[in-house]
Amino acid sequence: MESINTKYGVLKGLNYVKYYADGAMKECTLDKLNKLETPYGLLIPKYEYGEERSKHIPSVAFYNNGNLKKIYLEKQTDVNTSIGILPAEFITFYEDESIKRIFPLNGKITGYWSEKDEYNLAEEIEIDISTGKLKEKIISVYFYKSGNIKSITFWSKNDIKINSPLGDVFVRIGVSFYEDGKLKSFEPAKPTAISTEIGTIMAYDTQAMGIHGDSNSVKFSNTGRVQSLITSTDSIEVISKKGEKSLYEPLLKSSVIDENFMEIVPLNIEFHEYKVKFSSGIHHRFPAEYIINQYNFHIKSSPFEESSPCSSCTGY
């Protein structure tokens, strides 16, 4: 097929096309220059795939109703969004054409093109959010349909200071927001003291992957109350009125990368109204839930260590 009509213009140079069951075009890859007239201006889908950064993904994808779903741009393009002009190489949309995510860069990380190469291409972007003004290199911005920011994902190299319900904190990976702009979650850049209903706990997740900032290890309610956190250092002793004790703490397991080292399995702590719940990535008397006012809680912090030799470990 040499060309196909879309609501944004005629697409030419199609070398791959996929369709929905009813015959509507789902996605395609192009090998000729095309210009699409969109609500966000003129956008040129990817058509030259020979660059070492090029991802082998479709140039453009559509919803069954014909509206844009995704577009991989030929080159970084300034796009007008609800928060101002943002550079984009890849954009996803909601079914009503509102922008869902914007990626300023979309390079393929390989042995020939490293994350460092991609990071060096990134430029600082200014964004005004409820936690303060940001001027940082970012991987993506995720929007609600309303246009308000849902989350921001940062480059892993960056530690960013933001204002939170707990005061100023340093974050990594990302932050997420409620639709009204209030902070929903953040990923601590280092062990961070968090005041909770059972005491102050050092929050930090050694297993945070850094894929996106949509959901992070320190979470808040819309009123600013701590809903959950992850600790890699602290142990919590739960003491009943009768003096019975239970201990919850991060665990150790053999590293999948180096069998001579142990890695930390963080402890997850959730707060539900008048209860606290402990759980872990390894089945170890978990999960366990307690009514807060019926117990005493003793919190002990240990120095943070990313990993330790097996010879110094006693196991779980």
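## A walk from E74 to the aromatic rings

The side chain of E74 reaches the backbone nitrogen of E48, at a distance of 3.2 Å. That is a good place to begin looking around this structure, which is a predicted model. E74 itself belongs to strand 8, which covers residues 68-81. Leaving aside residues up to four places away in sequence, E74 touches I44, P45, K46, Y47 and E48.

What about the charge on E74? This residue is buried and yet has no salt bridge. The nearest side chain of opposite charge belongs to K46, and it is 4.3 Å away. A salt bridge needs the side-chain nitrogen of Lys or Arg to be within 4 Å of a carboxyl oxygen, so this pair does not count as one.

Now turn to the aromatic rings. The structure holds 11 aromatic pairs. One of them is formed by F90 and F103, a tilted pair with 5.7 Å from centre to centre and 55° between the planes. F90 lies in strand 9 (residues 84-93) and F103 in strand 10 (residues 99-103), so this pair ties together parts that are 13 residues apart in sequence. Both partners are buried: F90 has a relative accessibility of 12%, and F103 has 19%. The cut-off for buried is under 20%, which is why F103 still counts as buried. F90 and F103 also join Y49 and Y72 in one aromatic cluster.

Rings can have charged neighbours too. Look for R101, which lies over the face of Y142, at 3.8 Å from the ring centre. K137 is placed over the face of Y119, and here the value is 4.1 Å from the ring centre.

Finally, the backbone has two places to visit. Which value does phi take at I173? It is near 65°, a positive value in a residue other than glycine. I173 sits in strand 16, made up of residues 167-177, and with 7% relative accessibility I173 counts as buried. The other place is E273, where phi is near 50°, again positive in a residue other than glycine. Is E273 buried or exposed? E273 is exposed, with a relative accessible area of 64%. You will find E273 in the loop between strand 26 (267-272) and strand 27 (275-280). So the tour ends with two positive phi values, one at I173 in a strand and one at E273 in a loop.

Methods: Residues are numbered from 1 along each chain as its sequence is written. This is a predicted model: local features need pLDDT of at least 70, side-chain atom pairs count only at pLDDT 80 or more; totals for chains, interfaces and linings use all residues. Side-chain values use heavy atoms; hydrogens and water are left out. Rings of Phe, Tyr and Trp (its six-membered ring) pair if their centres lie within 6.5 Å; planes under 30 degrees apart count as stacked, over 60 as edge-to-face and the rest as tilted. Helices (H or I, at least four residues) and strands (E, at least two) are DSSP runs, numbered from the N terminus. Buried means under 20% relative accessible area, exposed over 50%, partly exposed in between (1.4 Å probe, protein chains only). A charge sits over a ring if NZ of Lys or CZ of Arg is within 6 Å of the ring centre and within 35 degrees of the ring normal. Lys and Arg count as positive and Asp and Glu as negative; His and the chain ends are not counted. A polar contact is a pair of N or O atoms within 3.5 Å; within protein, one must be able to donate a hydrogen and the other to accept it, and residues adjacent in sequence count only if both atoms are side-chain atoms. Contact means heavy atoms within 4.5 Å.
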